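Student: I would like a close look at a single part of this protein, taken slowly and with its surroundings. Please begin with whatever term I need in order to follow the polar contacts there.

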Amino acid sequence: FYRYGINEQTLDLSNEGIKLVTADNGEGKSSIFYAIIWCLYGKTLQDSVDDVVNRRTKKNCKVSVEFIEDGVTYKIIRYRKHEEHENNIYVFKGERDISLRKAPDTQQLILDIIKMPYHAFVNSTFFSTELYKEFLRAGKADRLVTFENLLSLKEISILYDKTKELRTNTNDQLDSLRINK
């Protein structure tokens, strides 16, 4: 994956809570999160999916992510330009392969398991120092907008506003009917 080449890298994030990953520039901090994002969502932030393959080896890209959801251990393995597995994706529930026949169906299965949209995951993962400082300086309304964007809550806010408006209109109609009786 990216610059890691044939050397397998492992990062244990099994303890609960917030994680802080620090290292000098160019040490691969962002690449770790790019790998997780690519494994879970099959997308990259900037590059084409073929760019995840190491430029020297030009083959055998593999990323796996293991996590627990609702008390069940899942493992996702995604390959790109792999000699044996080609561009396949696999999902394991415990030791059992639950991958579906087609990649888009398997991708949807992953989304159903992780229950977090791509943008919410990316935004919450890359909450940078600059964004954090801006957030602390912001007023209440601006913080709410940041959270809406961060957690992809915009659609929920829109539905809430529409529901509130419908409720107000319905109450007004009820009041009008009561007055007319």
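Tutor: A polar contact is a pair of N or O atoms within 3.5 Å, and within protein one of the two must be able to donate a hydrogen and the other to accept it. With that term in hand, please keep in mind throughout that this is a predicted model, and that what follows is computed from it.

The part I would choose is Arg78, which is found in strand β2. A polar contact of 2.4 Å links the side chain of Arg78 to that of Gln107. A polar atom of the Arg78 side chain also lies 3.1 Å from the backbone oxygen of Cys39. The charged end of Arg78, in turn, sits over the ring of Trp38, at 6.0 Å from the ring centre. Although Arg78 carries a charged end, its relative accessibility is 10%, and because buried means under 20%, Arg78 counts as buried.

The wider surroundings of Arg78 can be read from its contacts, once neighbours within four places in sequence are left aside: these contacts include Trp38, Cys39, Leu40, Tyr41 and Gly42, as well as Cys61, Lys62 and Val63. Asn88, Ile89, Gln107 and Ile110 are also in contact with Arg78.

To place this residue in the whole, the protein chain has 6 helices and 4 strands, and from the N terminus on the order of its elements is α-β-β-β-β-α-α-α-α-α. Of the 181 residues in the protein chain, buried residues make up 27%. The chain exposes about 13600 Å², of which carbon and sulfur atoms supply 50%. Among contacts between residues at least 6 apart in sequence, 47% join residues that are at least 24 apart.

Let us turn next to the nonpolar core. In soluble globular proteins, nonpolar side chains tend to be buried together. Here the largest nonpolar core holds 25 residues, and those touching the most other members are Leu40, Tyr41, Val65, Phe67, Ile76, Val91 and Ile113. At least two residues of this core come from each of α1 (29-41), β1 (61-69), β2 (72-80), β3 (89-93), α2 (103-114) and α3 (118-125), with α1 giving the largest share, 8 residues. Leu40 and Tyr41, which are named among these core members, are also among the contacts of Arg78. Val65 offers a second view of the core, since, not counting residues up to four places away in sequence, Val65 touches Ile36, Cys39, Leu40, Tyr74, Lys75 and Ile76.

Strand β2 also takes part in the aromatic pairing, for which the count comes to 3 pairs. In one of them, the ring centres of Phe67 and Tyr74 are 5.7 Å apart and the planes lie at 25°, so the pair is stacked. Both partners are buried, Phe67 at 16% relative accessibility and Tyr74 at 10%. Another pair, Tyr79 with Tyr90, is edge-to-face, with 6.0 Å from centre to centre and 80° between the planes. Because Tyr79 lies in strand β2 and Tyr90 in strand β3, this pair ties together parts that are 11 residues apart in sequence. Tyr79 is buried, at 7% relative accessibility, whereas Tyr90 is partly exposed, with a relative accessible area of 22%.

The loops on either side of β2 deserve a short comment. Asp70 lies in the loop between β1 and β2, and Glu86 lies in the loop between β2 and β3. Asp70 has a positive phi of about 55° although it is not a glycine, and for Glu86, also not a glycine, phi is likewise positive at about 55°. Asp70 is exposed, with a relative accessible area of 64%, and Glu86 is exposed too, at 53%.

Two further basic residues can be set beside Arg78. The charged end of Lys43 sits over the ring of Tyr118, 4.5 Å from its centre. Arg96, in strand β4 (residues 96-97), counts as exposed at 53% relative accessibility, whereas Arg78 is buried at 10%. Between Arg96 and Lys75 the C-alpha to C-alpha distance is 9.8 Å, with their positions 21 residues apart in sequence given as the separation.

To return to the part you asked about, Arg78 is a buried residue of strand β2 whose side chain has polar contacts with the side chain of Gln107 and with the backbone oxygen of Cys39, while its charged end sits over the ring of Trp38.

Terms used. Residues are numbered from 1 along each chain as its sequence is written. This is a predicted model: local features need pLDDT of at least 70, side-chain atom pairs count only at pLDDT 80 or more; totals for chains, interfaces and linings use all residues. Side-chain values use heavy atoms; hydrogens and water are left out. Buried means under 20% relative accessible area, exposed over 50%, partly exposed in between (1.4 Å probe, protein chains only). Contact means heavy atoms within 4.5 Å. Accessible areas come from the Shrake-Rupley method with a 1.4 Å probe; for residues, only the protein chains shown count as cover. A nonpolar core is a set of buried Ala, Val, Leu, Ile, Met, Phe, Trp, Tyr and Cys residues joined through side-chain atoms within 4.5 Å. Rings of Phe, Tyr and Trp (its six-membered ring) pair if their centres lie within 6.5 Å; planes under 30 degrees apart count as stacked, over 60 as edge-to-face and the rest as tilted. A charge sits over a ring if NZ of Lys or CZ of Arg is within 6 Å of the ring centre and within 35 degrees of the ring normal.
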